[in-house]
Amino acid sequence: LADVITIPVVVHVVYNEQTQNISDAQIASQIEVLNKDFRRLNTDAGKTPAMFKGVAADTEIEFVLAKRTPDGETTTGITRTQTSVTDFAVDDKMKFSSSGGKDAWNTEKYLNIWVVHFAAFEDVLGYGQFPNSGSPLTDGVVVDYRYFGTTGTATAPFNKGRTTTHEVGHWLNLFHIWGDEDCGDDAVADTPTQETENVGCPSTFPLPSCDNVSDMYMNYMDYTDDGCMNLFTAGQKAVMRSALINLRPGLLT
Ligand code: ARG
Ligand code: ZN
Ligand code: CA
């Protein structure tokens with residue numbers, strides 16, 4: 001197995017209004033963010049506090065828009081589907097043609113990303129399915145078209161593509177850094193235990209809670225704004241690579 005794992009991606013744009021039918025360039029900007037963030041080539045890597053620089057990791061995971069459909073035809077790795085659904089919810093309807101969405105491509109072979117409009121769910125931004133934790137037919141991540149990529153419809157403060165970075169983290173078995181409970185456990189040793197999520201862009205560092213020296217609020221698996229996130233850790237890298245090798249082996253071939 002090569003050190004660098006490359007994951008084929010299909011982006012399903014499921015749009016009602018034409019503005020939601022985001023451009024190929026906007027999709028390319030998101031793939032670029034994934035590659036920068038997961039390889040620690042993000043230009044804001046220097047903003048990681050000195051205290052955490054030692055655990056910041058190049059995950060050696062990369063992403064590429066698929067060049068072949070499941071049937072072996074050439075493709076851009078992008079599908080476009082117009083829908084009568086004006087407002088999707090966190091219920092997977094966007095993942096089936098029969099409910100106004102678009103059927104997944106073989107989820108053992110591709111990372112499926114659906115780009116939709118969550119009108120009544122503005123605080124959702126996106127969601128991801130954990131490995132082995134749902135139907136293979138719904139496996140993948142969903143992101144609102146306003147929080148995808150860095151150009152076009154991308155809207156501050158979530159216009160640096162980090163929603164997709166975060167959701168792909170879930171898809172590769174990462175939990176929220178606060179473990180989804182008070183001083184909870186995210187099953188990663190090198191992320192400090194922290195009380196709860198951080199939002200916005202904290203202006204102080206260190207920012208202690210529980211018994212830590214500081215929350216790692218700039219981790220992609222916290223809830224801070226895109227411009228304030230800048231790392232995965234070595235422990236998170238180990239979880240994600242193990243998820244790929246053991247739980248998603250079809251993506252490696
Ligand atoms: N709220 C979403 C989730 O729990 C994503 C949050 C992403 N944060 C960001 N700064 N883009 O999966
Ligand atoms: Zn999350
Ligand atoms: Ca931890």
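**Strand 4, the core and the ligand 1 shell**

I113 is in contact with V9, V11, H12, G140, V141, V143 and T164, leaving aside residues up to four places away in sequence. That list comes from a predicted model, as does everything else reported here.

I113 also turns up in the largest nonpolar core, a set of 56 residues in which V9, I113, V115 and V116 have the most contacts. Quite a few elements chip in: strand 1 (5-15), helix 1 (24-38), strand 2 (61-65), strand 4 (111-116), strand 6 (141-144), helix 3 and helix 4 (234-247) each supply at least two residues of this core. The biggest giver is strand 1, with 6 residues.

Strand 4 deserves a look of its own. Of its 6 residues, 6 are buried, so strand 4 is largely enclosed by the rest of the structure. Side chains in a regular strand alternate between the two faces of the sheet. In strand 4 both faces are covered: one side carries L111, I113 and V115, the other carries N112, W114 and V116, and all of these are buried.

The pairing of strand 4 comes next. Strand 1 and strand 4 run parallel and are joined by 5 bridges; here H12 stands opposite W114 of strand 4. Strand 4 also runs parallel to strand 6, this time with 4 bridges between them, and V116 has D144 in strand 6 as its bridge partner.

Now for the ligand. Ligand 1 is surrounded by 13 residues, the closest being L125, F158, R162, T163 and H166. Strand 5 (126-128), helix 3 and strand 8 (223-224) are the elements that give two or more residues to this shell. Helix 3 provides the largest share, 4 residues, and helix 3 is also among the elements with at least two residues in the nonpolar core. By type, the shell around ligand 1 splits into 5 nonpolar, 4 polar and 4 charged residues.

Past helix 3 (162-171), F175 sits in the loop that leads to strand 7 (199-200). Why does F175 count as partly exposed? F175 has 19 C-beta neighbours inside 10 Å, and a residue is called buried because 20 or more lie within that distance. Not counting residues up to four places away in sequence, F175 touches D180, D186 and A187. As for L65, it is 110 residues from F175 in sequence, and the two C-alpha atoms are 25 Å apart in space.

Terms used:
Residues are numbered from 1 along each chain as its sequence is written. Chains are lettered from A and ligands numbered from 1 in the order in which they are written. This is a predicted model: local features need pLDDT of at least 70, side-chain atom pairs count only at pLDDT 80 or more; totals for chains, interfaces and linings use all residues. A residue is buried if 20 or more other C-beta atoms lie within 10 Å of its own, exposed if 12 or fewer, and partly exposed in between; C-beta atoms are placed from the backbone. Two residues are in contact if their C-beta atoms, placed from the backbone, lie within 7 Å. A nonpolar core is a set of buried Ala, Val, Leu, Ile, Met, Phe, Trp, Tyr and Cys residues joined through C-beta atoms within 7 Å. Two strands pair if DSSP finds at least two bridges between them. A residue is near a molecule or strand if its C-beta atom, placed from the backbone, lies within 6 Å of it. Ala, Val, Leu, Ile, Met, Phe, Trp, Tyr, Cys and Pro count as nonpolar, Asp, Glu, Lys and Arg as charged, and the others, Gly among them, as polar.
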